[in-house]
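This report examines a single protein chain from its overall fold down to individual side chains. The sequence and structure are shown below.

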Amino acid sequence: MIRSRCLLLLMLLVPLGAMAQGIPAITVQTSASGGQTYSLTLQVLALMTAVTLLPAILLMTTAFTRIVIVLAILRQALGAGQAPPNQVLIGLSLFLTLFVMSPVVDQINTDAVQPYMAGTLDAMGAIDKGIVPLRKFMLDQTRESDIATFVKISRGTGYATPDDVPLRILIPAFATSELKTAFQIGFLIFIPFVILDLVVASVLMSMGMMMLSPVLISLPFKIMLFVLVDGWSLIMGTLAGSFYS
């Protein structure tokens, strides 16, 4: 089950991949002189292009951006250098993204993938059906002011309903909102650690130990405080809950 959801998450626009089913990868044409020429079909070229865009799709249309930025700010606030390492942060972000996006992925699978596999829906219909849950997720997380900004940049006149907003406007607006939200959460996480650093620095100054780095002394206290309050569980729960609050 986890494996199938991972595949669905990495291909949120998985109906694009369905276009390649039943299409020959190489077309062979015989010329009048008896020679043969080989050419790729346009559908396969479109599929190959879509595959190269999968990392961008994962970053810009899912919960990954907010999660990975918050975790990176948390590591910076702890001041523990490269602990946890980048591989751990990326892995944590991917699996938490999978958890957050599970309802969207399940709906895409139900509304688009399964009907297409059953032959009751064509490729373009599957694409249209598959985009709907993803669009709804992005609209729920996007600020109206960010959408209005990109509408203004594109010299548009606005849209009557949220469903009328095209993806070329929605995706950059969603990414901008995610960045803003991630830094707001990161700011709230950073404050307690900054206060602890100030307290330690004040104590060292009052004791005349100005040559001793406050960061070196505050680091074990920050780690101990974070562990005592069950910080990882709180961060994960808060991040996951922030998408469906």
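In what order do the elements of the chain run from the N terminus on? They follow the pattern α-α-β-β-α-α-α-α-α-α-α-α-α, with eleven helices and two strands in the chain. Helices (H or I, at least four residues) and strands (E, at least two) are DSSP runs, numbered from the N terminus.

**Basis and confidence**

The model is predicted: local features need pLDDT of at least 70 and side-chain atom pairs count only at pLDDT 80 or more, whereas totals for chains, interfaces and linings use all residues. Residues are numbered from 1 along each chain as its sequence is written, and side-chain values use heavy atoms, with hydrogens and water left out.

The pLDDT (the predictor's confidence in each residue, from 0 to 100) averages 76 over the chain, and 80% of the residues score at least 70. Among the elements, helix α5 has the highest mean value, 89, and helix α2 (residues 15–18) the lowest, 42. Over residues 1–25 the pLDDT is below 50; this stretch nevertheless has 55 contacts in the model beyond near neighbours in sequence. A contact means heavy atoms within 4.5 Å.

**Overall packing**

Of the 245 residues of the chain, 36% count as buried. Buried means under 20% relative accessible area, exposed over 50%, and partly exposed in between (1.4 Å probe, protein chains only). The chain exposes about 14,300 Å², of which carbon and sulfur atoms supply 70%; accessible areas come from the Shrake-Rupley method with a 1.4 Å probe, and for residues only the protein chains shown count as cover. Among contacts with a separation of 6 or more, 69% are between residues 24 or more positions apart.

**The largest nonpolar core**

A nonpolar core is a set of buried Ala, Val, Leu, Ile, Met, Phe, Trp, Tyr and Cys residues joined through side-chain atoms within 4.5 Å. The largest one has 40 residues, and Ile67, Phe137, Ile235 and Leu239 touch the most other members. Helices α5 (64–78), α6 (86–118), α7 (123–141), α8 (144–153), α9 and α11 (231–241) each supply at least two residues of this core. The greatest contribution, ten residues, comes from α5. Leaving aside neighbours within four places in sequence, Phe137 is in contact with Thr61, Thr62, Ala63, Val100, Met101, Val104, Phe174, Phe243 and Tyr244. In soluble globular proteins, nonpolar side chains tend to be buried together.

**A nonpolar surface patch**

Nonpolar side chains are also found on the surface: Phe187, Leu188, Ile191, Ile195, Val199, Val203, Met207 and Met209 form a patch with about 750 Å² of accessible area together. Patches are made of residues with over 30% relative accessible area and no salt bridge, with like charges joined within 9 Å and nonpolar side chains (Val, Leu, Ile, Met, Phe, Trp, Tyr) within 5 Å. Phe187 lies in helix α9 (residues 167–206) and counts as exposed because its relative accessibility is 52%.

**Salt bridges**

A salt bridge is a side-chain nitrogen of Lys or Arg within 4 Å of a carboxyl oxygen of Asp or Glu. By this rule the count comes to four, including the three in the table.

| Acidic residue | Basic residue | N to O distance |
|---|---|---|
| Glu178 | Arg66 | 2.6 Å |
| Asp140 | Lys136 | 3.2 Å |
| Asp146 | Lys180 | 3.5 Å |

The pair of Glu178 in helix α9 and Arg66 in helix α5 links distant parts of the chain, 112 residues apart. Both Glu178 and Arg66 are buried. Asp146 in helix α8 and Lys180 in helix α9 likewise link distant parts, 34 residues apart. Here Asp146 counts as buried at 6% relative accessibility, while Lys180 is partly exposed at 34%.

Asp140 and Lys136 are separated by about one helical turn, because they are four residues apart in helix α7. Asp140 counts as exposed at 52% relative accessibility, as does Lys136 at 53%.

**Two local sites**

Ser177 lies in helix α9 and is buried, with a relative accessible area of 0%. Not counting residues up to four places away in sequence, Ser177 touches Gln141, Thr142, Arg143 and Asp146.

Asp230 is placed in the loop between α10 (214–228) and α11. Its phi is near 55°, a positive value in a residue other than glycine. Most residues other than glycine have a negative phi. Asp230 is partly exposed, with a relative accessible area of 44%.
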